[in-house]
Each structure stands twice: as structure tokens, then as C-alpha cells.
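Colleague: Hi! I'm new to this one, could you walk me through it?
Modeller: Happy to, let me put it up first.

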Amino acid sequence: MQKPDILQIGPYPEWDQIPLDAAFSVHRYFEAADKPAFLAGVGARVRGIATRGELGANRAMIEACPNLEVISVYGVGFDAVDLDACRERGIRVTNTPDVLTNDVADLGVAMMLAQSRGMIGAESWVRDGSWANKGLYPLRSRVWGKKAGVLGLGRIGFEVAKRLSGFDLEIAYSDIAPKDYAADGWTYIADPVDLARHADFFFVTLAASAATRHIVSREVIEAVGPGGMIVNISRASNIDENALLDALESRALGSAALDVFEGEPALNPRFLELDNVLLQPHHASGTFETRKAMGQLVRDNLTAHFAGKPLLTPVL
Ligand code: 8YV
């Protein structure tokens, strides 16, 4: 039987690439020097797209594939897929929820701890001889017992809040409505600005969409304030990045810990000048165990689709 043709938007680890190549006729978009010419050549044969959360699939790609049936995203976020273009043609879309939830929550909490306790600077303090030459490392802010605000109590937000409870933080959250699965003692605060006023640590954990763009506005950022920290493990588009940079520069916001950036992997050079931001390379789901489970789910969704079976984790 002929293998279905799929377009692969970005690279995967070898342990995913080998079984993907075995099951499908794979056209590697990311290796093409002339991408429009590549799409014009293979587009008509393509029945599936395998992509990554941050890469998605834009309208031009989708329109270049007139026989496209399904897009399988390696990631929980599918905001970079043009869903309108998919809806117009009945193209199915899948993602990889659940398998990455705990790792993403772990990294968010680790970023909060690392940034609050100055662990990156403290590491340099040891390595560059400052400890021996200058003495004790400057004091940093306590974490436990403070107030956390979690913007978006979905799967990842819930796991973040659960972990933060273990650090004796007082939890408040915002979402479109109170959640019945929130633990006793977690306070619902509808308005993000009010949540920000309450929070020492403000976690951005909501799924990104056009509706949530810049939901963390200048007003929200300033409400977190000079003593507060913003942690973003969702998508850069959820935060007004210019307002964030202004506030970090002026110290209207105390600090930030970020795994996602507008235009990543390039980032606004203003970030590199700041000593009050922890920068991470969008790797919250980046463990062997989780990435293997994500890769498997990407393939399982494609396989189910081409076998005429129900998709495992459809979003459209
Ligand atoms: C990336 C992500 O897909 O789950 C998401 O939405 O953004 C990530 O897991 C991952 O970095 C692989 O590209």
C-alpha cells in the first residue's frame, strides 16, 4: 500500500523521525532552500501536515496543499495553525495535550524559584571566584508564604497551582469562570488586573488565541508591580512584550521569567540588557520522556486518521 504523503514543517528527534519516515512519505519543508517552489512541487500530493506547536501551519502552506486532510501538532498549543483556513476546508487538527502538562508546570515553578533566589547569578558567583574574592552572595527574595496569581486554570495552570501550594503559596486564579476542580482555598479573581494586584508571582498559563492576545496588558504588568514577578510558560502573544520590556527597564515590574518570546528563536535585544529577567529557550516540554510521548501522539493521530479511525486528541 502506498504511504500517505505528509509535509513536515520542522525537525523532530531521530527517535521520532525514523518511525515517521517508515510510516509516511515525508516531505521536509524545513530543509527546502526555496520554500514556495518546494510547496508548489509537492503540495498536491500532501494529505497530512506534521508540525510543532510554535511553528504551526499558516494559510499559505495550507492553501498550497489542496488535498490536505489533517494537521498533527507536536505541542499542546495550536495557535500557530490557521484554524480559519482549516475550518473552511474541513481539515482536521490534533495536538498533544496531557502528556506534557507536568513538565511544563515543573519548568514554570523551577523558573520562579531560580529567578527569585538568583540561582543563575549565584552559579556565576561561585565559578568566577566572586565567592572567594567578594564574600557572600547578595540576599534575594523569599518564595514560600507569598501570593501567586495563576492566569488560566486549565491543565497546566492547575498543575502549577498544585505545585505552588506545596511551597505554601496562597493561590488565586483567573479564568472565564470559577473552576469546580480548583482546590479548597484557591480564590477566584475574575479580572486579570485584580489578580495581578494580588500576586507576588503572576503565572501566565492560558492557551493563546486571537482573543487572549496581550491579555497581560501594560495595566496588568504594572499591577504586578516593582516587588512582583511574571512567569510565562504559555505563548509570547499573551503578553504585551513592549510593555513588559518597558516595565522591566523602569523597574515598574520587579522581574520576569520567560520561556517564550515574540519572533523566537530571535528575541528582542532589549531582553539581553536586563538583569531582572530569566530567559529560557522555549523548552518547558523538553524532557526525553515527554517529547517521546508527544512524538508518539503526533504519529498515532496521523495513523488513526489515515486508517479511518477516530482521532485521539482532536482540536478541530
Ligand atoms: C513545543 C509547545 O511544541 O506544547 C506546546 O504548545 O509550544 C511546545 O511543547 C515544543 O517546543 C516542540 O517544538
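Modeller: One spot to begin with: α11 is followed by arginine 251, which has a positive phi, near 70°. Keep in mind that this is a predicted model.
Colleague: Thanks! Which residues of helix α11 are buried?
Modeller: Helix α11 covers residues 241–250, and Glu241, Ala243, Leu244, Leu245, Ala247 and Leu248 are buried in it.
Colleague: And what covers the buried residues of α11?
Modeller: The cover includes α10 (218–224) and the strands β10 (229–232), β11 (255–258) and β12 (277–279).
Colleague: What happens at the start of α11?
Modeller: There, aspartate 240 has a side-chain oxygen within 3.3 Å of the backbone nitrogen of asparagine 242.
Colleague: Switching topic: in what order do the five strands of the open sheet come?
Modeller: The order is β2-β1-β3-β4-β5, with parallel pairing. At the edges are β2 (25–28) and β5 (92–94), each of which pairs on one side only. From one strand to the next, the twist averages 20°.
Colleague: What holds strands together in a sheet, generally?
Modeller: Backbone hydrogen bonds do the pairing, in either a parallel or an antiparallel way.
Colleague: Back to this sheet, then. Over how many bridges do β1 and β2 pair?
Modeller: Four bridges, in the parallel sense, with β1 made of residues 5–8. If you want a spot to look at, glutamine 8 stands opposite arginine 28 in β2.
Colleague: Nice. Which strands does helix α1 touch?
Modeller: Helix α1 (residues 14–23) packs on the sheet and touches β1, β2 and β4 (70–74). The direction of α1 makes about 125° with that of β2.
Colleague: And which strands does helix α12 lie across?
Modeller: Helix α12, residues 288–306, lies across β1, β3 (48–52), β4 and β5. Relative to β4, α12 runs at about 170°.
Colleague: One more topic. How many disulfides does the structure hold?
Modeller: Zero. Cysteine 65 is in no disulfide, and the nearest cysteine sulfur, in cysteine 86, is 11 Å away.
Colleague: Why is there no bond for cysteine 86?
Modeller: Because its closest cysteine sulfur, that of cysteine 65, is 11 Å away, which is too far for a bond. A disulfide would need the two sulfurs within 2.5 Å.
Colleague: Are those two cysteines buried or exposed?
Modeller: Cysteine 65 is buried, at a relative accessible area of 0%. Cysteine 86 also counts as buried, because its relative accessibility is 0%, and the cut-off for buried is under 20%.
Colleague: Great, thanks for the tour!

Notes: Residues are numbered from 1 along each chain as its sequence is written. This is a predicted model: local features need pLDDT of at least 70, side-chain atom pairs count only at pLDDT 80 or more; totals for chains, interfaces and linings use all residues. Side-chain values use heavy atoms; hydrogens and water are left out. Buried means under 20% relative accessible area, exposed over 50%, partly exposed in between (1.4 Å probe, protein chains only). Helices (H or I, at least four residues) and strands (E, at least two) are DSSP runs, numbered from the N terminus. Contact means heavy atoms within 4.5 Å. A polar contact is a pair of N or O atoms within 3.5 Å; within protein, one must be able to donate a hydrogen and the other to accept it, and residues adjacent in sequence count only if both atoms are side-chain atoms. Two strands pair if DSSP finds at least two bridges between them. Axes are lines fitted to C-alpha atoms, for helices over the stretch in contact, and angles run from 0 to 180 degrees between N-to-C directions.
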